[in-house]
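Let's take a walk through the open and enclosed spaces of this model, then stop at one sheet and one histidine. Keep the structure open alongside as you read.

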Amino acid sequence: MIYQGKQKIWSEYQKEIPDDHWYYVRSCIRQNFFPASERMFTEITRNVLGKDIYETPSHTTCGGIAYHCDTIPQETVMTIVARQFALMTEAGYENYVASCITSFGNYAEILETWHEFPELETKIRELLWKACKKEFKKPKYLAHSSDLIYKFRGEIAAKGRFRLVDKETGEPLRIVEHIGCHYAKMFPHKGVGGAEYPCVLSGMIEAWGGQVIDYPERRHCCGYGFRQYHVQANRGYSLSNTHKKFESMEPYHPDAIITNCPGCPYFLDRWQYVIAEQTGKTYGRDGFGIPVFTYEELAGLVLGYDPWDLGLQLHQVAVEPFLDKIGIEYDPSAKYKGLDKKDILRPGLPQNLKCF
Amino acid sequence: MSKDNIVIIGGGIAGMTAASRLLRLGYTPIIVEESDHLGGHVAEWHKLFPDMAPAQDIVQRLAEEVSAANIFLSTRVLFINRLHDTYIVMLNNGVSIQAQAVLIATGFNLFDATKKEEYGYGIYDQVLTNRDLERWFTTGDDPRLNGHEVKRAGFVHCVGSRDVKAGNTQCSKVCCVTAIKQAIELKEKFPDAEIWCFYMDLRLFGKKYEDFYINAQKDYGIHFIRGRVSEVSEGLDGRVIVKAEDTLSGKPVKVTLDLLVLMSGMVCNATINPIATSLGIDLDSDGFLRSKDNISHIVSSGRKGLFLAGACTGTKTVPETIAEANSAALDIHLYLTEGK
């Protein structure tokens, strides 16, 4: 591996990310899968970094899931997105940051389509006006929320309590990065680092002290793939994709996986349970799995937030061995306590995948 | 001996062939070559298809033939101005030449394979280009190959050729047969190696090329897979893992290789473009210089006293380049003797 070759490519795929004043839109599904991640994004950007991040409850789905499942016309998706832009315009912002990778890809694709076919943009403006009497300006800057954390990775490291380092050996932890397919595979120049060797997550890993693992199936889909999972008959295909990735990364003995997509951490985390129950195979040490984190969760850990406030108890794969390796303190008895210290009940334990 | 000055820009096989022919016609041409040696790309090649003739033979023969010419090595043309029926050619060494005729023979550049990021050139150690492999055939020295036993190797055709995304829609003509030649040479060095060629479609139009292709399969057991390589990655042991589609069997292919060779195509040598366009020579849609026409006046620029030869006007094989250079030399002679 020639690291300088990657650096050369990264230098050609840098995007302009404004420092402040962002209109933030959440994902449809992330709050169900990893409930503290988006909360941690606003916590870090507003309270740790002092940035102006605005959001509105009027924001809706972008229509991306339906679009990628082929169940919605493109004009309808565009009109939904035009309404989101109208909300941003009404709020007085011009920098648009999306939490969801598919939304980000959706916005990028629509803006590019309007650029190529301006008559379509005119049509969508008419449709939006007819539907809800709204007008909009297009975002001056479009970013994914991982772009912002990437931009401020150095400040997060400087303010952090922990580094991604084995406290016993001092060695950097070995971290797999998994980029959502809709981040840069459609428009390489819209993502930090391009499509083939993105550095948006690897940059965070390195800034926070870890070592990036490049393994053969790094580019492969996590297994979600929309129609692979949402069409029930295809779910075996979804699982086999995830299985392929784990078989490929296993020889590198990763300590954790970091992702920037709503679906990827969910499927990489939950399918490890299914693989373990079906085949008896686990990919971590001593019968554990490989923990899968969102970048907000990992940033939160670096900054010293309580793991249970980050929602890590809702992961299928146990995170405790990873926390122990770094030396992050946690209270095992508080794992299944809610914010008000009320017991939120314990899940049943799998047979083969070791969990607490 | 004629007193007419003829400046030949480019000391590759086109420029050398034209100079050789002009010397025999009684002129003393002036060759201006940017690098420190004559021979261009061919000087870096090991053997030439389809007869496996050593490339050095042709370069050495031409070098001997042009030894009486005036040769400026490591020299660039800064600009050319037209003055009545002549051209003032200014060189970066301070020399100014008043030439009655100028031949542009600046050839091509090899496509920069790092632009095809998915193939991992410059990222993965065991990914080479056709030029890298050819140098290794010639010198026997490459850290990626020294001391390694190649058991499995692959060749990717059309790297940067016929590729809209790469900005090059032209076929580079020579890559298909060069891949076959290099696969055979590699097989001769490593007789037990398994070798795959991944191609879009094979364009083997030249004399004996098809025989060459059949021999590669029959005598050397080289596999030809019709399909594009989608991505390349590196395994734990440093070998490269190649994913492709076999469009004939309709199945995906995944192979682990000791070596992957990218057949980088030809792109225009853009260094001459500002000078050429200042003299009224247009660029064609493929980025190469535009001839007066592409059928009967390929070596003519359409400008008096200004001629073109070889791969500066498009992708060419070695025989095509030599034929064009001879033709250009004759046209220059006719131009100078029959009146301007």
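Two chains share the work in the second largest pocket of this predicted model: α1 (3–12) of chain A and β15 (229–234) of chain B each supply at least two residues of its lining. The top contributor is α1(A), which gives three residues. The volume of this second largest pocket comes to about 740 Å³. It has 22 lining residues, and the ones closest to the centre are P188(A), E196(A), E117(B), E118(B) and K165(B). Sorted by class, the lining of the second largest pocket holds 13 charged residues, six nonpolar ones and three polar ones.

Since β15(B) turns up in that lining, let's follow this strand for a bit. Is β15(B) mostly buried, or mostly exposed? Five of its six residues are buried, so the rest of the structure largely encloses β15(B). The strand belongs to an open three-stranded sheet in chain B, with the order β15-β16-β17 and antiparallel pairing. At the edges sit β15(B) and β17 (251–257) of chain B, each pairing on one side only. On average, neighbouring strands of this sheet are turned by 20° against each other, direction ignored.

Zooming in on one pair, β15(B) runs antiparallel to β16 (residues 240–246) of chain B, and five bridges link the two. One spot to look for is S233(B), whose bridge partner in β16(B) is I241(B). Together β15(B) and β16(B) make a hairpin with five residues between them. In the turn you'll find G238(B), which has a positive phi of about 90°. As a general reminder while you rotate the view, side chains in a regular strand alternate between the two faces of the sheet.

Now for the closed spaces. How many cavities of 30 Å³ or more does the structure hold? There are four, and the table sets out two of them.

| Cavity | Volume | Nonpolar | Polar | Charged |
|---|---|---|---|---|
| Largest cavity | about 140 Å³ | six residues | three residues | five residues |
| Second largest cavity | about 70 Å³ | five residues | three residues | four residues |

The largest cavity is lined by 14 residues, with I179(A), K185(A), A195(A), P198(A) and R219(A) closest to its centre. In chain A, β5 (174–178) and α10 (181–184) each supply at least two residues of that lining. The largest share belongs to α10(A), with three residues.

For the second largest cavity, switch to chain B. Its lining includes H157(B), C158(B), C171(B), C175(B), C176(B), D201(B) and R203(B). The elements giving two or more residues to the lining of the second largest cavity are β12 (152–159) and α4 (175–189) of chain B.

Last stop: a histidine in chain A. Where does H253(A) lie? You'll find it in the loop between α13 (235–249) and β7 (256–259) of chain A. H253(A) counts as partly exposed because its relative accessibility is 48%, and that class runs from 20% to 50%. Leaving out residues up to four places away in sequence, H253(A) touches R174(A) and R285(A). By contrast, Y107(A) is 36 Å away from H253(A) in space, C-alpha to C-alpha, and the two are 146 residues apart in sequence.

Terms used:
Residues are numbered from 1 along each chain as its sequence is written. Chains are lettered from A and ligands numbered from 1 in the order in which they are written. This is a predicted model: local features need pLDDT of at least 70, side-chain atom pairs count only at pLDDT 80 or more; totals for chains, interfaces and linings use all residues. Side-chain values use heavy atoms; hydrogens and water are left out. On a 1 Å grid over the protein atoms alone, a cavity is a set of points where a 1.4 Å probe fits but cannot get out, and a pocket is an open set with protein on both sides within 12 Å along at least five of seven lines; lining residues have an atom within 4 Å of a point. Grid points are joined across faces, edges and corners, and a volume is the space filled by probe spheres set on the points. Helices (H or I, at least four residues) and strands (E, at least two) are DSSP runs, numbered from the N terminus. Ala, Val, Leu, Ile, Met, Phe, Trp, Tyr, Cys and Pro count as nonpolar, Asp, Glu, Lys and Arg as charged, and the others, Gly among them, as polar. Buried means under 20% relative accessible area, exposed over 50%, partly exposed in between (1.4 Å probe, protein chains only). Contact means heavy atoms within 4.5 Å. Two strands pair if DSSP finds at least two bridges between them. Axes are lines fitted to C-alpha atoms, for helices over the stretch in contact, and angles run from 0 to 180 degrees between N-to-C directions.
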